Amino acid sequence: MNVFALYLLLCKAMISSFSGATSLPVVRHEMVEHYHVLTDRQLEVAVAAGRITPGPFGLYLVSVGYFVDGVPGAIAGFLALITPAFLIIPMLRYLGRHAEKPRIKSAIRAVTLAASGLLIATTVPMAQDSARTALTIAVAAGSFLFLVLTDRTTFWVVIGAALVGLIGYFVF
């Protein structure tokens with residue numbers, strides 16, 4: 001895959017999402033299922049790298065680009081990450097003036113629900129690929145419960161999962 005095509009695909013993923021996480025279904029479909037330039041495992045590593053680094057969640061696109069085409073791919077991923085920020089300014093001006101209209105509110109709600117459904121549809125296959133042992137299933141379930149039942153950030157989930165993983169590695 002050439003770098004420009006990679007940029008366009010990653011840009012499509014970012015433009016069609018409202019946050020970095022909702023771009024994941026598009027990236028998985030295009031890179032893993034359609035073009036076969038990335039594996040689920042590589043995508044999981046890219047997402048993990050994006051989550052443990054400071055900055056927006058969409059930062060995982062830089063890692064995706066790197067896995068696909070090295071440093072030029074990483075640059076394409078970075079450019080795809082920042083492109084929507086430059087395109088959103090005119091859109092925000094329009095939405096700011098019309099945000100209280102029922103049609104605009106309904107459209108935003110519909111897009112949010114659709115993005116949530118796509119996120120679930122992408123997360124399930126990735127979870128099935130990752131959760132293969134009792135330890136990984138316990139970490140996933142514990143992380144989910146921790147996030148649902150507390151108001152802590154995902155930083156603590158990452159730290160806790162790393163500690164459980166290290167303990168599991170040395171004990172089992």
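## Close-up views of an all-helix model

Glutamate 30 is found in helix α2, and several of the views below come back to this residue. Everything shown here is a predicted model.

**View 1. Glutamate 30 and the company it keeps.** With a relative accessible area of 11%, glutamate 30 counts as buried. Set aside residues up to four places away in sequence, and glutamate 30 still touches Leu9, Lys12, Tyr35 and His36. One of these neighbours gets a polar contact: the side chains of glutamate 30 and lysine 12 come to 2.7 Å of each other. His36, another of the residues touched by glutamate 30, sits just after α2 and takes a positive phi of about 55 degrees.

**View 2. The salt bridge between glutamate 30 and lysine 12.** Here the same two side chains are seen as a salt bridge, at 2.7 Å from N to O. The pair links distant parts of the chain, with glutamate 30 in helix α2 (residues 24-34) and lysine 12 in helix α1 (residues 3-15), 18 residues apart. How do the two partners differ in cover, buried or partly exposed? Glutamate 30 is buried, because its relative accessible area of 11% falls under the 20% cut-off. Lysine 12 has a relative accessible area of 41%, so this residue counts as partly exposed.

**View 3. Arginine 28 meets glutamate 33.** Moving along α2, we get to a salt bridge between arginine 28 and glutamate 33, whose closest N and O atoms are 2.3 Å apart. Arginine 28 is the buried partner, at 10% relative accessible area. Glutamate 33 is partly exposed, at 41%. Which residues make up the network of salt bridges here? Arg28, Glu33 and Asp40 are the ones linked in it.

**View 4. Arginine 41 and glutamate 44, inside one helix.** This close-up moves to helix α3 (residues 40-52), where arginine 41 and glutamate 44 both lie, 3 residues apart, or about one turn of the helix. Their side chains form a salt bridge, with the closest N and O atoms 3.4 Å apart. An α-helix has 3.6 residues a turn, so residues three or four places apart point the same way. Arginine 41 is partly exposed, with a relative accessible area of 45%, whereas glutamate 44 is buried, at 13%. Across the whole protein, the salt bridges come to 5.

**View 5. Helix α2 under cover.** How many of the residues of α2 are buried? The helix is mostly covered, with 8 of its 11 residues buried. Among them are Leu24, Pro25, Val26, Val27, Met31 and Val32, and the buried set also includes Arg28 and Glu30, both of which turned up in earlier views. What do the buried residues of α2 pack against? They pack against α1, α3, α4 (60-98) and α5 (102-130).

**View 6. Leucine 10, fully tucked away.** Leucine 10 lies in helix α1. Its relative accessibility is 0%, so leucine 10 counts as buried. Leaving aside neighbours within four places in sequence, leucine 10 is in contact with Val27, Met31, Leu61, Val64, Gly65, Gly77 and Ala80. Two of these, Val27 and Met31, are also on the list of buried residues in α2. Val26 is on that list of buried α2 residues as well. Between leucine 10 and valine 26 there are 8.4 Å in space, C-alpha to C-alpha, and the two residues are 16 apart in sequence.

**View 7. Stepping back to the whole chain.** The protein has 7 helices and 0 strands, and reading along the sequence gives the pattern α-α-α-α-α-α-α. Along the principal axes, the C-alpha trace spans about 60 × 40 × 25 Å. Of the 172 residues, 29% are buried. About 11,000 Å² of the protein is exposed, and carbon and sulfur atoms supply 72% of that area. Take the contacts between residues at least 6 apart in sequence, and 53% of them join residues at least 24 apart. As for charge, the protein has 12 positive and 8 negative charges, and the mean positions of the two sets are 13 Å apart.

Conventions:
Residues numbered from 1 in each chain as written. Predicted model: local features only at pLDDT ≥ 70, side-chain atom pairs only at ≥ 80, totals over all residues. Heavy atoms only, no water. Helix = DSSP H or I, 4+ residues; strand = E, 2+ residues; numbered from the N terminus. Buried < 20%, exposed > 50% of the residue type's maximum accessible area, 1.4 Å probe, protein only. Contact = heavy atoms within 4.5 Å. Areas by Shrake-Rupley, 256 points an atom, 1.4 Å probe, with all protein chains shown as cover. Lys, Arg positive; Asp, Glu negative; His and termini not counted. Charge placed at Lys NZ, Arg CZ, Asp CG, Glu CD. Salt bridge = Lys/Arg side-chain N within 4 Å of Asp/Glu carboxyl O. Polar contact = N/O pair within 3.5 Å; in protein donor to acceptor, adjacent residues only side chain to side chain.
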